[in-house]
Amino acid sequence: MSSPKPATSGSSGKDETGGATPFPTRAKRSGRGGAPLLFLAPALLVVFAVLIFPILFSLFVSTWNWPLSEGLGPRVFVGMGNYLTLFTDSEFWNSLRLQLGFVFIALPIELILGYAAALLLNREFFGAGFVRTLLLLPVFFLPVLSGIIWRFMLQPRYGPLAQILVALGIPETSWLGTPGWAYAAVILQDIWRMWPFMFMLIYAGLSNIPGELLEAAEIDGARYWQRVRIIITPLLTPTIMTALLLRLIDALRIFSEVFAMTEGGPGTATLLFSLYANKQAFTYMKVGMASAMAIFLLVLSVVFALTLVRRNMSLEELERKAGN
Amino acid sequence: MKRNRPIVNIAIAVAAFLVLIVELFPIGITLLNGFRRDVIILSAKPFEFSQLSLRSYELVLARPGFVKSLWTSVEVGLLSTAASIIVAAMAAYGISRFRFKGRNLLAYSFLVFRMLPQISLVIALYLMFKSLGIRDTVFGLTLAHTSFNVPYVIWLLLPFFTAVDKSYEEAAMVDGCTRFGVFRRVFLPIVSPGLVVGAVFAFINSWNEFLYALILTGINARTAPVSINSLIGSDILTWGQVCAGGTILLLPIFIFTVSMQRFLIRGVSAGGVKG
């Protein structure tokens with residue numbers, strides 16, 4: 001990373017006299033309260049227009065029986081009614097169950113694969129850099145295209161993956177047409193796409209562990225697995241927690257891949273949370289109910305996002321590192 | 001970092017390449033099937049690549065809707081990138097260069113905003129855009145894309161911004177430059193590498209985005225990901241065209257992954273990882 005520093009040697013003395021206010025002369029004249037606001041105003045405006053206002057509006061709509069268009073009937077205030085209806089709605093519980101199952105099956109597998117690959121690839125071998133870079137391609141693969149290609153690969157009769165399975169002696173199956181298999185396929189798609197994400201973060205954490213530490217342990221007679229268990233894993237735990245939280249927040253809102261792959265079907269077998277909210281709004285045309293779901297997921301995500309933020313006070317960390 | 005015996009090295013290289021082959025299989029399927037005709041794809045010989053042709057490319061590029069959606073994707077991507085970079089650079093400067101009340105709270109709320117589920121916003125945005133008459137417009141979709149790109153780019157830029165020594169700006173201030181002049185003429189040139197990284201990531205975010213484009217656009221401002229998804233789902237099976245179109249959509253991703261190697265980790269974890 002680039003950290004340009006001017007060659008002038010007199011600057012450090014000026015910094016000390018500046019103390020808490022970095023720009024004493026001008027800052028006082030322009031008014032310290034006004035200047036940051038000037039720089040932050042555009043961002044605040046955007047955040048208000050496309051984030052805060054829509055959230056407040058969703059909150060408002062979620063207390064109404066609000067049909068998608070006016071021709072579909074009147075809007076009626078129902079208070080907490082939509083939320084109460086949700087909790088008695090079997091399709092809601094189904095989507096929540098599928099969503100949580102998805103997260104709790106996919107993430108541990110992604111973590112294990114990512115960790116194993118990071119340990120394996122954390123050394124020099126022929127083509128190491130090449131492998132490490134290309135492994136990341138699926139992470140940036142268009143989510144919707146990933147869903148489409150998996151759908152294609154699993155088509156009976158001509159799908160490449162389906163054909164491989166047949167060649168392995170597994171009877172011809174309509175993988176995406178069978179509820180259990182479709183759900184497994186959706187999870188497999190996510191594992192395929194996202195374990196390299198875990199790998200990427202854990203590998204970066206692994207390369208930050210000082211080599212001397214591991215060499216010292218080796219000299220002391222620690223075997224490879226002892227080193228992994230006693231030194232590497234504890235040192236990597238913060239990185240792993242961060243990677244898991246980032247993945248968790250992302251996995252909770254999965255939509256495009258599944259929409260392209262199965263559209264939530266067959267039936268409601270892969271109707272994950274966001275897909276069901278989308279269906280409530282644009283198929284059942286119950287925008288109030290969909291908004292209640294939107295708020296529910298929002299609260300859940302914010303809880304995890306706050307956990308992540310509290311664990312990583314990165315703003316101060318950044319400044320300490322930069323020495324500013 | 002480790003000294004292995006050659007045989008171990010070879011074993012690891014072989015294992016690594018096997019894993020890589022599995023990981024790249026679906027991508028390879030996309031690339032190869034773009035050069036196979038639909039008739040051949042449906043003929044139940046998925047690994048026969050004898051009659052490769054550009055027919056699927058011709059067909060998909062002959063669809064006026066697809067080509068238009070590609071341009072819309074580029075347009076929305078560039079506009080939302082430009083808007084996000086300007087807005088986020090100013091905000092990141094404000095956060096990294098001033099001490100004010102609520103500064104931490106503000107910075108962290110941007111971090112939380114970048115993690116909100118899209119479905120939570122899209123329904124309200126749909127209603128808002130419809131009543132404002134900006135549904136199915138490039139402007140509306142661009143605005144929607146700034147909702148994830150602005151908070152994201154702020155946190156991507158912060159490490160670049162805090163790393164710049166303050167004495168450059170101090171010198172310019174002493175010379176009588178205004179605060180905004182310093183930002184524009186002194187600070188931005190220094191952090192231009194960061195701005196490039198931020199812009200590239202913002203563009204890719206926008207390029208890959210599907211849900212907003214699906215809900216907030218119709219025929220006029222439909223983007224390529226929506227357009228390619230609409231190729232399937234009917235009873236007409238056009239996988240060759242889907243793969244050809246998909247390959248076109250993947251080109252920026254290939255260039256991006258290879259050229260941004262050094263910044264990929266920072267990009268996916270912007271603000272989420274210490275230091």
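Among contacts in chain A between residues at least 6 apart in sequence, 70% join residues at least 24 apart. The model is predicted. The secondary structure of chain A comprises 16 helices and 2 strands. Of the 324 residues in chain A, 40% are buried. The mean pLDDT of chain A is 85, and 87% of the residues score at least 70. Residues 1-32 of chain A have a pLDDT below 50. Beyond near neighbours in sequence, this stretch still has 27 contacts in the model.

The two chains meet in an interface. On one side, 100 residues of chain A take part; they are in contact with 96 residues of chain B. Helix 3 of chain A, residues 34-61, gives the most to the side of chain A that touches chain B. Its share is 14 residues. By class, this side of chain A has 69 nonpolar residues, 22 polar residues and 9 charged residues.

Two loops of chain A carry backbone features of note. The first concerns A:Pro266, in the loop between helix 13 (256-261) and helix 14 (273-282) of chain A. The peptide bond that joins A:Gly265 to A:Pro266 is cis. Its omega is near -5°. The second concerns A:Arg157, in the loop between helix 8 (143-153) and helix 9 (160-167) of chain A. A:Arg157 is not a glycine, yet its phi is positive, at about 75°. A:Arg157 has 13 C-beta neighbours inside 10 Å, so it counts as partly exposed. The cut-off for an exposed residue is 12 or fewer such neighbours.

Chain B also has a positive phi in a residue other than glycine. B:Asp136 shows a value near 60°. B:Asp136 lies in the loop between helix 6 (118-132) and helix 7 (138-162) of chain B. Inside 10 Å, B:Asp136 has 16 C-beta neighbours and therefore counts as partly exposed.

B:Asp136 is paired in space with B:Thr217. Along the chain, B:Thr217 and B:Asp136 are 81 residues apart, but their C-alpha atoms are separated by 3.8 Å. B:Thr217 is found in the loop between helix 11 (211-216) and helix 12 (224-229) of chain B. With 24 C-beta neighbours inside 10 Å, B:Thr217 counts as buried, because the cut-off is 20 or more. Leaving out residues up to four places away in sequence, B:Thr217 touches B:Asp136, B:Leu141, B:Arg222, B:Thr223 and B:Val226.

A further pair in chain B involves a helix residue. B:Ile190 belongs to helix 9 of chain B, residues 179-190. The C-alpha atoms of B:Ile190 and B:Tyr168 are separated by 9.4 Å. These two residues are 22 residues apart along the chain. B:Ile190 has 19 other C-beta atoms within 10 Å and is therefore partly exposed. A count of 20 or more would make a residue buried.

Helix 13 of chain B, residues 239-259, was compared with its expected span. The helix has 21 residues. At 1.5 Å a residue, helix 13 of chain B should span 30 Å, and its end C-alpha atoms are 30 Å apart, so the two values agree. The expected span is 1.5 Å times one less than the number of residues. Helix 13 of chain B also bends, by about 35° at B:Leu250. A proline, B:Pro252, follows within four residues.

Terms used. Residues are numbered from 1 along each chain as its sequence is written. Chains are lettered from A and ligands numbered from 1 in the order in which they are written. This is a predicted model: local features need pLDDT of at least 70, side-chain atom pairs count only at pLDDT 80 or more; totals for chains, interfaces and linings use all residues. The bend at a residue is the angle between axes fitted to the seven residues ending there and the seven starting there. Two residues are in contact if their C-beta atoms, placed from the backbone, lie within 7 Å. Ala, Val, Leu, Ile, Met, Phe, Trp, Tyr, Cys and Pro count as nonpolar, Asp, Glu, Lys and Arg as charged, and the others, Gly among them, as polar. pLDDT is the predictor's confidence in each residue, from 0 to 100.
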